[in-house]
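Work through the exercises below with the model open beside you. Try each task before reading its solution.

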Amino acid sequence: SGKNLIGLFTFLIGISLFIFGWRQDYVFVTALSLLPVLYGMITYLYGSPVTRIVSFPLFYLILLVPIPVGMVDDITLPMRYGLSIITETILRLFHFPISREGLLLSIGENELFMGQPCSGFRSIITMFSLSLVYVYINRGSLSRKSILVSSIVPLAVLGNLVRIIALCLITYYFGEETGQGFFHNFSGIVIFVFIILGLIGLELFLEKRLR
């Protein structure tokens with residue numbers, strides 16, 4: 001049938017992408033080719049009804065595709081600058097002795113450099129993946145799900161901002177060794193907790209408004 005031919009055509013496109021990415025040693029294209037390969041194979045073998053059933057887990061695999069390194073730098077650098085400026089502004093409002101030079105924050109006698117992990121980009125991807133599953137299994141309406149999905153990234157950015165401010169305060173009060181040691185590694189959980197609590201709170205708010 002025509003739909004099966006579309007599936008076969010999509011499958012062949014995916015195979016072509018895989019060969020191209022493999023020959024050019026381009027991991028992004030090689031990993032991305034998995035989607036049309038699986039989509040085309042399922043559509044060709046089982047038809048469109050089955051493809052619609054597995055559409056979410058199928059397209060969820062796109063989150064496994066590694067983003068090119070150059071693109072990551074282009075995304076994270078503005079995020080790091082933005083977070084450092086906002087952190088400096090907020091702490092200055094509360095009269096903390098903080099100054100900024102590029103991506104280097106100086107608070108008291110201690111310094112914090114806003115490295116690439118501080119952008120929170122990888123945490124955002126991870127939390128977006130987990131939160132997307134939470135929203136998918138949620139039994140709410142499509143409009144409510146759309147609101148929850150659109151709130152994931154702002155919640156992740158806000159959670160990362162809270163984490164950076166907390167790191168600055170702990171470094172200021174307890175020293176650089178304490179701030180850059182255990183708490184620095186442990187504080188990633190702050191973003192996760194912030195997003196989950198934010199999603200639950202937003203969901204309860206929407207449910208209350210609906211009632």
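**Exercise 1. Place R163, then decide whether R163 is buried or exposed.**

Step 1. R163 sits in helix α8. Helices here are DSSP runs of H or I with at least four residues, strands are E runs of at least two, and both are numbered from the N terminus.

Step 2. The relative accessible area of R163 is 7%. The cut-offs are under 20% for buried, over 50% for exposed, and partly exposed in between (1.4 Å probe, protein chains only). R163 is therefore buried.

Step 3. Now look along the sequence. R163 and I191 are separated by 28 residues, yet their C-alpha atoms lie 7.1 Å apart.

A note on the model: it is predicted, so local features need pLDDT of at least 70 and side-chain atom pairs count only at pLDDT 80 or more, while totals for chains, interfaces and linings use all residues. Residues are numbered from 1 along each chain as its sequence is written, and side-chain values use heavy atoms, with hydrogens and water left out.

**Exercise 2. Describe the chain as a whole: which order do its elements follow, and what percentage of its residues count as buried?**

Step 1. Count the elements. The chain has 11 helices and 3 strands.

Step 2. Read them in order: α-α-α-α-α-α-β-β-β-α-α-α-α-α.

Step 3. Check burial. Of 211 residues, 34% count as buried.

Step 4. Check the contacts (heavy atoms within 4.5 Å). Among those with a separation of 6 or more, 63% join residues 24 or more positions apart.

Step 5. Check the surface. The accessible area is about 13000 Å², and carbon and sulfur atoms hold 70% of it. The method is Shrake-Rupley with a 1.4 Å probe; for residues, only the protein chains shown count as cover.

**Exercise 3. Work out how β1, β2 and β3 pair.**

Step 1. Strands pair if DSSP finds at least two bridges between them. β1 (residues 98–101) and β2 (residues 104–107) are antiparallel, with 4 bridges. I98 faces I107 across this pair.

Step 2. β2 also pairs with β3 (residues 110–113), again antiparallel over 4 bridges. Here S106 is opposite E111.

Step 3. Inspect the turns. The β1–β2 hairpin has 2 residues between its strands, and G102 in that turn has a positive phi of about 70°. The β2–β3 hairpin also has 2 residues between its strands, and G108 there has a positive phi of about 65°.

**Exercise 4. Find the residues with the most contacts inside the largest nonpolar core.**

Step 1. Define the core: buried Ala, Val, Leu, Ile, Met, Phe, Trp, Tyr and Cys residues joined through side-chain atoms within 4.5 Å.

Step 2. The largest such core has 14 residues, and L91, I107, M114 and C168 have the most contacts inside it. At least two residues each come from α6 (69–93), β2 and α8 (142–174). α8 gives the largest share, 5 residues.

Step 3. Follow I107. Beyond its neighbours within four places in sequence, I107 contacts L91, P97, I98, L112, C168 and Y172.

Step 4. Another core, of 10 residues, lies apart from the largest one; V135, I152, L155 and I195 are among its members.

**Exercise 5. Decide whether L45 is buried or exposed.**

Step 1. L45 belongs to helix α3.

Step 2. Its relative accessible area is 54%, so L45 is exposed.

Step 3. As background, nonpolar side chains in soluble globular proteins tend to be buried together.
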